[in-house]
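Colleague: I am new to this structure and would like to know what stands behind the labels used for it. Please take them one by one.

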Amino acid sequence: MRSSTDVGGMGKWMAFGSLVLSLAWGCAGMGSNKPSDLPVGVVDPQRILAETVKGKRLSDALNAFMKDRQTLVELEQRELRKLESELMAQSTVLSQEARDRKEEQFRAKMAGYQQKVADLNREVQEKQQELQNEFRLQVQRVVTEVAGQRGLGLVLEYGVNSGTLFYEAGLDISTDVIQALDRESGAISVP
């Protein structure tokens with residue numbers, strides 16, 4: 001059997017628990033903005049890359065860098081094909097020892113070529129990452145400025161891997177970001 005002090009102690013705990021729950025519910029409803037009242041904007045980074053002067057310059061620089069690397073690879077390929085043709089043409093007239101030596105030279109050249117291709121691919125990826133990071137920082141800064149001017153509390157990315165599946169067209173601030181980036185690069189005059 002319970003004593004009256006046990007029941008009274010339990011009542012105090014229940015009252016305390018009710019107070020904690022009331023405070024928790026009250027605090028949950030006391031945000032500066034309800035989620036539905038949060039001003040949101042959306043940007044399309046691919047559109048910004050494709051339509052800004054800086055984005056086009058980045059694409060051009062990356063394409064030129066890749067083209068230079070591709071030229072180096074093609075030169076190596078031609079040399080390998082020439083060496084392979086010589087090996088095939090001379091294989092019947094060379095001694096086994098000379099043929100083995102030529103085949104070994106060819107394998108060594110091929111291994112060097114494969115290593116060079118891997119190195120150039122890594123170099124291109126690093127350059128691409130470097131240029132994209134630099135551009136992304138510029139875009140992020142301008143998005144922050146545009147969001148501040150429009151009083152936005154949140155800006156989401158829209159694109160293939162962004163996670164944003166739908167938005168109303170009026171939320172898109174990409175055009176403002178494009179214009180601001182182009183003004184910075186002197187491509188358009190300030191309206």
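**Reasons behind the labels**

Modeller: A residue to begin with is I48, found in helix α2, residues 45-51. Note that the model is a predicted one.

Colleague: Why is I48 called buried?

Modeller: Buried means under 20% relative accessible area. I48 has a relative accessible area of 0%, so I48 is buried. In space, I48 and V177 are 7.5 Å apart, C-alpha to C-alpha, with their positions 129 residues apart in sequence.

Colleague: Is T52 buried or exposed, and how do you know?

Modeller: The relative accessibility of T52 is 0%, and therefore T52 counts as buried. The C-alpha atoms of T52 and I178 are separated by 5.6 Å, although the two are 126 residues apart along the chain. Of the 191 residues of the protein chain, 21% count as buried.

Colleague: What makes L156 partly exposed?

Modeller: Partly exposed lies between the cut-offs of 20% and 50%. L156 has 32% relative accessibility, so L156 falls in that class. L156 is part of strand β2, residues 154-157, and together with L38 and L154 makes a nonpolar surface patch of about 200 Å².

Colleague: Why are α4 and α5 called oblique to each other?

Modeller: Helix α4 (residues 96-150) and helix α5 (residues 174-184) pack at an angle of about 120 degrees. Roughly perpendicular covers 65 to 115 degrees and roughly antiparallel starts over 145, and the rest above 35 degrees is oblique. The two helices are therefore oblique to each other. Their axes are 9 Å apart, and α4 passes α5 in a right-handed crossing.

Colleague: What makes E97 and R101 a salt bridge?

Modeller: The cut-off is a side-chain nitrogen of Lys or Arg within 4 Å of a carboxyl oxygen of Asp or Glu. For E97 and R101 the N to O distance is 3.8 Å, and their side chains meet in a salt bridge. Being 4 residues apart in helix α4, the two are separated by about one helical turn. E97 counts as exposed because its relative accessibility is 59%, while R101, at 48%, is partly exposed.

Colleague: How do you know that E157 and R136 tie together separate parts of the chain?

Modeller: The side chains of E157 and R136 meet in a salt bridge of 2.5 Å, N to O. E157 lies in strand β2 and R136 in helix α4, so the pair ties together parts that are 21 residues apart in sequence. Salt bridges that share partners also join K54, R141, E145 and E184 into one network.

Technical notes:
Residues numbered from 1 in each chain as written. Predicted model: local features only at pLDDT ≥ 70, side-chain atom pairs only at ≥ 80, totals over all residues. Heavy atoms only, no water. Patch = residues over 30% accessible without salt bridge, like charges linked within 9 Å, V, L, I, M, F, W, Y side chains within 5 Å. Areas by Shrake-Rupley, 256 points an atom, 1.4 Å probe, with all protein chains shown as cover. Buried < 20%, exposed > 50% of the residue type's maximum accessible area, 1.4 Å probe, protein only. Axes fitted to C-alpha atoms, helices over the stretch in contact; angles between N-to-C directions. Left-handed = near helix turned anticlockwise from the far one by under 90°.
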